[in-house]
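Let's take a walk through a two-part model, stopping at a few spots worth a closer look. Have the sequence and the 3D view ready.

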Amino acid sequence: MRFVDEFREPELISKTVEEIRRLAGTERHYRMMEVCGGHTHAIYRFGLKDILPGNIELIHGPGCPVCVLPMGRIDDGLAIAQSDVIFAAFGDMMRVPGTQGSPLEHKARGMDVRIVYSPADALKLARLNPDKHVMFFAIGFETTAPSTALTMMRARAEKIRNFSVFCNHVTIIPAIRAILDSPDMRLDAFIGPGHVSTVIGCRPYEWIAQNEHKPIVVSGFEPLDMLQSIVMLLRQLKAGQAKVENQYKRVVPWEGNRAALRAMAEVFQLRPYFEWRGLGFISQSALRINDKYSEFDAEQRFEVPGIRVTDPKAAQCGEVLKGVLKPHQCKLFGRECTPEHPVGALMVSTEGSCAAYYNYEHRKAAMVGLSSIA
Amino acid sequence: MLPESAPTRFRDPQIEMAHGAGGKASRKLVEGLFAPLLFGPAPGPLGDAALVDINGTPVAITTDSFVVKPLSFPGGSIGELAVNGTVNDLAVAGAKAEALVVTYVLEAGLPTPVLEAEVRAMAKAARDAGVRIAAGDTKVVEHGKADHLYITTTGIGPVLAGVSLDPRSVRLGDKILLSGPLGDHGITILLARGELDLEADLRSDTRSVLPLVEALVHAAAPGIRWMRDPTRGGAATSLNELARDCGLGMVLFEDQIPVRNTVRGACELLGLDPLHIANEGQFLAVVAPEYADAAWNALRLAPGGNKARVIGEVREQPAGTVLVTTLYGGSRIVDMLVGDPLPRIC
């Protein structure tokens, strides 16, 4: 398969791993955070930890939109959908638990819940069901926010009255800042998010290099992409440099996608603050729908209960999200909290570090004689 | 003599869709509620079909209900699935379907041409598979109380000579064979629902696997330890069940697992694993190493078996687990499916 197989080519992968070993040496330990949940998933799916030297530690970052969404927002969205509203959302959201169960569980009890592949599909549902209201439960970073924006612009142009968006879009930079401000955090470098950067470009990361003196390489999602990014980070660290580099040039333009940024500016404005699961309230870290588009804002259009749910005390999602704890070091991991019955959100999405670790790794870690397998 | 019931272990407060998806939740329901109450405390491994002894002749019996949306899709339809699915459940129990009985649950308002088309599809599939539809029953429920049409088929047939299957007979070094590419059916259905704006030139793999099973049995009967058709929950779920039942590790070689490019592409795009996607015309077999070559040759030379491969082998570690290894030395655990496969976007 083109554009995939080239980046999984065993010989190139072994060569790149050799280069990593040579650069990393043995004297010191390197802690690199992959910001994006897609990277976390890829690391486990491709078994990259098996082939990296032991002194390169990958720390899973906050870039999983489902994982950082507070449970109260899910309850709010589902509360709106009680009143004869079609609840439309990405598949990612469907198993995320609210206090009364996940969207899928609500569907099993009779709520009209639809899985859509894009916000445009939700708008199509509104056109096809003129006697019903369709609410799109929007999640995601700058990766998905432009398509939500364009869909609202389309809805406005077509004067569609039975469509709204419950907006949970968040922005990546404040989350990285919160991680860096956290006192218990010691990181050497960042593997920068690939998909988000297709929209925002590479410039917004420059402060990480300049002010925090941490190298960051925007990376693709194939095994070779990630390994190359690690090589680039090691080269910078060895040379005492800290700059922003773009490994994912085939997709990410340095300046980002101006049309997408324009669409976001047309529809959204920054919220003064927003709650992140595990990280708490972060100022100017999320988007709301601006007044021009308020007719499509589910939070304006419907009574929103404004539910706030605190995470179970025993769950250590925040520590795992910040990379202070490994998933299996949480007290609930694999016991009370599993993919079938997630307590914390990191166990829900396959991009969440706990679910990825649980699905692909934890029994492997516990067993003996693994070396005879590879 | 009927077995005494055993205590139940199923604690979920209500039935969710995931309990029917064929993965972990389904297994919990079967093992935690049905098996203890119906089969007693020690039911043994639960296979695709049960073996009963009728006057000294081993006979396999199985039943399956078919609820599929949409009713027809590229490459097949619910009627065809209802016949092939039960024929296949018997085939992977090492048995040749002799007769089926069928139950229709119809929703009032179902257009007759739709029903007729499905009954015709069943008749054709039965002729193709060489099985007789011997009896049937029909129920009609109110409009809105069912989704068009549900079909249940129950099949019975004698076990093929020389075949003895048991997951507990699987040994270290056994080879894992797969009859053909994974994921065609599940991805075809996902796309045919029309909810995703994706199109691909892809057809369901629905077919009777009996001819392939017969070819395998003919070539390697004494070496066949276990077979399973990886329907809902995919190959990962079938192999996880085997790993648990025999206590050994199933190690798969990723580069040997046949998956069509269209299926791979759709899975990449939607964040799905082909090992979790449903199939309706493939089966997995575990074969003793000394029979592996004969088994593979028999499969790939049989009609429809040219994509068969040895995809892995049985090892001591990771015990009770399925591990996929890559050409470049990485590996990952592949668990049973949890709930239905959902597309992942953001």
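Start with A:His213, which is exposed because just 10 other C-beta atoms lie within 10 Å. Here is how that label works: a residue is buried if 20 or more other C-beta atoms lie within 10 Å of its own, exposed if 12 or fewer, and partly exposed in between, with C-beta atoms placed from the backbone. A:His213 sits in the loop between helix H10 (206-210) and strand E8 (216-218) of chain A. Helices (H or I, at least four residues) and strands (E, at least two) are DSSP runs, numbered from the N terminus.

Before going on, some housekeeping. This is a predicted model, where local features need pLDDT of at least 70 and side-chain atom pairs count only at pLDDT 80 or more, while totals for chains, interfaces and linings use all residues. Residues are numbered from 1 along each chain as its sequence is written, and chains are lettered from A and ligands numbered from 1 in the order in which they are written.

**Backbone oddities**

Most residues other than glycine have a negative phi, and most peptide bonds are trans. These spots go the other way:

| Place | Feature | Value |
|---|---|---|
| A:His213 | positive phi | near 55° |
| B:His148 | positive phi | near 65° |
| B:Lys69 to B:Pro70 | cis peptide bond, omega | about 0° |
| B:Gln317 to B:Pro318 | cis peptide bond, omega | near -5° |

Where are the chain B ones? B:His148 is in the loop between strand E6 (132-141) and strand E7 (149-158), and it counts as partly exposed, with 19 C-beta neighbours inside 10 Å. B:Pro70 belongs to the loop between strand E2 (57-66) and strand E3 (72-73) of chain B. B:Pro318 is in the loop between strand E12 (309-315) and E13 of chain B.

**A helix with two sides**

Back in chain A, helix H1 (residues 10-24) has 15 residues and reaches 21 Å from its first C-alpha to its last, close to the 21 Å expected at 1.5 Å a residue. That expected span is 1.5 Å times one less than the number of residues. Which residues of H1(A) are buried? They are A:Ile13, A:Thr16, A:Val17, A:Ile20 and A:Ala24. They cover an arc of only 105° around the axis, so they are on the same side of H1(A); the arc is that of the directions from the helix axis to the C-beta atoms. The face turned away from the buried side carries the exposed A:Glu11, A:Glu18 and A:Arg22. On the buried side, the packing partners in chain A are strand E1 (30-36), helix H3 (48-51), strand E2 (56-63) and helix H11 (223-238). Just after H1(A), A:Gly25 takes a positive phi of about 55°.

**Where the chains meet**

How many residues of chain B are in contact with chain A? There are 35, and they touch 42 residues of chain A; two residues are in contact if their C-beta atoms, placed from the backbone, lie within 7 Å. H7(B) gives the most to chain B's side, with 4 residues. B:Asn261 lies in helix H7 of chain B, and is partly exposed, with 13 other C-beta atoms within 10 Å.

**Chain B as a whole**

Chain B comes to 8 helices and 14 strands. Its C-alpha trace spans about 55 × 55 × 45 Å along its principal axes. Of its 346 residues, 50% count as buried.
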